[in-house]
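Reader: Can you take me through the pockets in this one? I'd like volumes and linings.

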Amino acid sequence: METLEGVRITYIVFKADDGEYAVVRGLHKGKDIMLVGGLYQLNEGTIIDAVGEWTYHSRYGQQFKVHTYLECRPKDLYGIEAYLKSGLIEGIGEVVARSIVEHFKEQTFDILDNHPDRLAEVHGIGPERMKAIKDSWAKHKIVRELILFLSAYGLSMTYILRTYKAYGDDAIDKIKENPYRLVDDIEGVSFQMADALALNMGMSSTSYQRCRSGILYYLSTIGQNGHCFATYGDVLSGACKLLGVPHNLLDRAMQHMASKGDIVIEDNFRVYPKLYYDYEIDVAQDIKRIMQGERGEPLTMIEDYDNGVEYTPKQMEAIKAAVCGGKFIVITGGPGSGKTTITRAIVDNYRENGKAIRLASPTGRAAKVLSEATGHEASTIHRLLEFVPGLGFGYNAENPLDGDLFIFDEMSMVDLPLMRHLLRAIPDHATVVLVGDDAQIPSVGAGNVLADIINSGSSCVFSGCDIQAGRR
């Protein structure tokens, strides 16, 4: 990291609405430079000490990527006036800024910090304007203090701004009370970042807050490796290695966490992050809900297929189950086992009956293959659910999808969180058909959903090994 002292902001090129990213021009030692990063609350004329590193952009050239910065308050009257009229403080424009500086001179910042009621002495500042100035200055002061506080411990501006948005004016007090809450509340703050902050602040290495956060971090790593739970012994040993605290202390912490609902301990053996445990329950309940839902009016099955395919008895059983009886069906098997043949026939039947059909796969490529195989439009699961980053899924339990038949292909790739969101959005009356090879490598995310559904015996499962299709 390098520090550039006394950079005067000369032009705001771009500033994101959330304040987490900006591109600005600045003047440093007589040289024009470009700065990028979380440059919150910066206006033209502001002077900062910026900490970061030089980078090179193929289109825009050399840029200084700001990790954190400290706003410098000018000391001369011209600089103070320019600072106030920059637009940073609500209620202070060019005329009011000049009046304040002419009245208080070098004491201006001290008045704003410690005696803001004295602004009433300035001509043109009435009660409403004074309130606006006081509120805006107080907010600006709090952000400045938070930047000073957290940047001293190495946190970048991105996380500092997110912290302020989450905690508001009480940010510093909340962090001092429990620095590990940053991991729970602030997107992107890792356990290691919060742990370094807490230990540097003097928090005990054996505190309950540290044990709790370390255990939750360890459980998050098992999710990254595709698991929904870990054994009790593995959590103890893993967290002990991570934190360097005795087993008995972690044992007590885990029991307390379970009583508070932070984790779920099942049979004194399996330890779940609460979210994954709830997702498993949700998936099971939604499968049951769909299976018990009323199908609506009966469908007429196609008796004579004129498509050159001679279906085996097992294939016909699978097709009939999806058309006439079953509500939640799994079609599984390896490549060439007949999954696509059955899927196409099911789609044909629903199409002939004038029913609404929705097809989806985890990836765009798989969706294209599914669409070509069935002659019906298919999409990715995320697109079907109208997923928007930062906002979530447009379709859910409160706003279910419209459709009579839902076929989801390549289901071995679907992890537990996505399956939970998917089933939440399926209406009660619909028929669901899952297609996939349970022998394939499971999903990257947590859970082995397709294999678990097959092994649970909760659905009609048709194995591709028994349903090879012949040609007429």
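Author: What follows covers two pockets in a predicted model.

Reader: How much space lies in the largest pocket?

Author: About 500 Å³. The lining has 20 residues, and the closest to the pocket's centre are E280, V283, A284, L416 and D452.

Reader: Which element gives the largest share of that lining?

Author: Helix α12, with 8 residues. This helix spans 274–292, and α18 (449–456) also supplies at least two residues of the lining.

Reader: And how does the lining of the largest pocket divide into nonpolar, polar and charged?

Author: There are 12 nonpolar residues, 4 polar ones and 4 charged ones.

Reader: Moving on. What volume does the second largest pocket have?

Author: Its volume is about 310 Å³. In this second pocket 18 residues form the lining, with K339, T340, D409, E410 and V435 the closest to the centre.

Reader: Which elements give two or more residues there?

Author: Two helices and a strand: α14 (339–352), α15 (364–374) and β16 (431–436). Of these, α15 gives the most, with 4 residues.

Reader: How do the residues of that lining divide?

Author: Into 5 nonpolar, 9 polar and 4 charged for the second largest pocket. For the largest pocket, the count was 12 nonpolar and 4 polar, again with 4 charged.

Reader: Why use a probe for this at all?

Author: Because rolling a probe the size of a water molecule over the atoms shows where empty space is left.

Key: Residues are numbered from 1 along each chain as its sequence is written. This is a predicted model: local features need pLDDT of at least 70, side-chain atom pairs count only at pLDDT 80 or more; totals for chains, interfaces and linings use all residues. Side-chain values use heavy atoms; hydrogens and water are left out. On a 1 Å grid over the protein atoms alone, a cavity is a set of points where a 1.4 Å probe fits but cannot get out, and a pocket is an open set with protein on both sides within 12 Å along at least five of seven lines; lining residues have an atom within 4 Å of a point. Grid points are joined across faces, edges and corners, and a volume is the space filled by probe spheres set on the points. Ala, Val, Leu, Ile, Met, Phe, Trp, Tyr, Cys and Pro count as nonpolar, Asp, Glu, Lys and Arg as charged, and the others, Gly among them, as polar.
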